[in-house]
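Please consider the sequence and the structure shown below. The paragraphs that follow lead through selected helices, their contacts and the nonpolar core.

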Amino acid sequence: MRYLGLLIMASACIGAGFLAAESWRERLEILKLLRQMAYHLKGRILYANETLPEALFEVGERFSKDRTGMCLEPGRLFLRVRKRMEKEREAPFFILWKEEIKKLPADFPMNPADLQALLSLGENLGYADRGMQERTLLFYLEQTEDSIRQLKKELEERTKLYRCLGMAAGLFLLVALA
């Protein structure tokens, strides 16, 4: 019975290492999704001549379909902002955007710098002309590209590190407590 308990504890340590590694992969997936959504938003505003609420709805709908887990949240964010824009016509876009970003789940896989970039996207998006909206989206896309590039560099190293640490901790528990 004791050895069964030790195996369970060791397995939990190994699983924790793999889970930590997976959270980095999930963050990369979310950043890529947000980049894609920003490109589509830019296209909707500049080339389809849609208003911001229409563009948010179209992009939100498109990126909410066939997604699960945390990958569903960015599409929902766009849809919630659009809904509030129509209900609260007097409220500034940035305030609505900021409030809805704060409603993202606590375990949403983005670091503070990523969230700050997402917040700054809303600062100039809602009130400016199309040229300013384009520059705002391009700036956000540039920031996101930098984050993705940096995360890709770190991802492989950290994935190996977390997995190895989980296995080492599990083996250490087995040896120390056996």
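**Helix packing and the nonpolar core**

In this predicted model, helix H5 packs with helix H6 (residues 130-177) at an angle of about 175°, and their axes are 9 Å apart. H5 is therefore roughly antiparallel to H6, since angles over 145 degrees fall in that class. On the H5 side, the contact is formed by Asp-114, Ala-117, Leu-118, Ser-120, Leu-121, Asn-124 and Leu-125. These residues meet Met-132, Gln-133, Thr-136, Leu-137, Tyr-140, Gln-143 and Ser-147 of H6. By class, the residues of the contact of H5 with H6 comprise 7 nonpolar, 6 polar and 1 charged.

The loop between H5 and H6 contains Tyr-127. Is this residue, Tyr-127, buried or exposed? Its relative accessibility is 62%, so Tyr-127 counts as exposed, the cut-off for that class being over 50%. In sequence, Tyr-127 and Phe-93 are separated by 34 residues, while in space their C-alpha atoms are 7.2 Å apart.

Phe-93 leads to helix H4, which spans residues 93-102. The buried residues of H4 are Phe-93, Leu-96, Trp-97, Glu-100 and Ile-101. Viewed down the axis of H4, these buried residues fall within an arc of 130°, and so they line one face of the helix. Against what do the buried residues of H4 pack? Their partners are helix H2 (52-64), helix H3 (73-87) and helix H5 (112-125).

Phe-93 and Trp-97 also appear in the largest nonpolar core, which has 40 residues. Together with Leu-41, Leu-52, Leu-56, Phe-78 and Leu-118, they are the residues that touch the most other members. At least two residues of this core come from each of helix H1 (2-46), H2, H3, H4, H5 and H6. The most is given by H1, which contributes 11 residues.

Leu-56 illustrates the contacts of one such core residue. When residues up to four places away in sequence are not counted, Leu-56 touches Leu-41, Phe-78, Leu-79, Val-81, Arg-82, Met-85 and Phe-93.

A further residue to examine is Ser-64, which lies in helix H2. Because its relative accessible area is 17%, Ser-64 is buried; the cut-off for this class is under 20%. With neighbours within four places in sequence left aside, Ser-64 is in contact with Leu-72, Gly-75, Arg-76 and Leu-79. Leu-79 is thus listed among the contacts of Ser-64 and is also touched by Leu-56.

Technical notes:
Residues numbered from 1 in each chain as written. Predicted model: local features only at pLDDT ≥ 70, side-chain atom pairs only at ≥ 80, totals over all residues. Heavy atoms only, no water. Buried < 20%, exposed > 50% of the residue type's maximum accessible area, 1.4 Å probe, protein only. Helix = DSSP H or I, 4+ residues; strand = E, 2+ residues; numbered from the N terminus. Arc of directions from axis to C-beta. Contact = heavy atoms within 4.5 Å. Axes fitted to C-alpha atoms, helices over the stretch in contact; angles between N-to-C directions. Parallel < 35°, antiparallel > 145°, perpendicular 65-115°, else oblique. Nonpolar A, V, L, I, M, F, W, Y, C, P; charged D, E, K, R; others polar. Core = buried A, V, L, I, M, F, W, Y, C linked by side-chain atoms within 4.5 Å.
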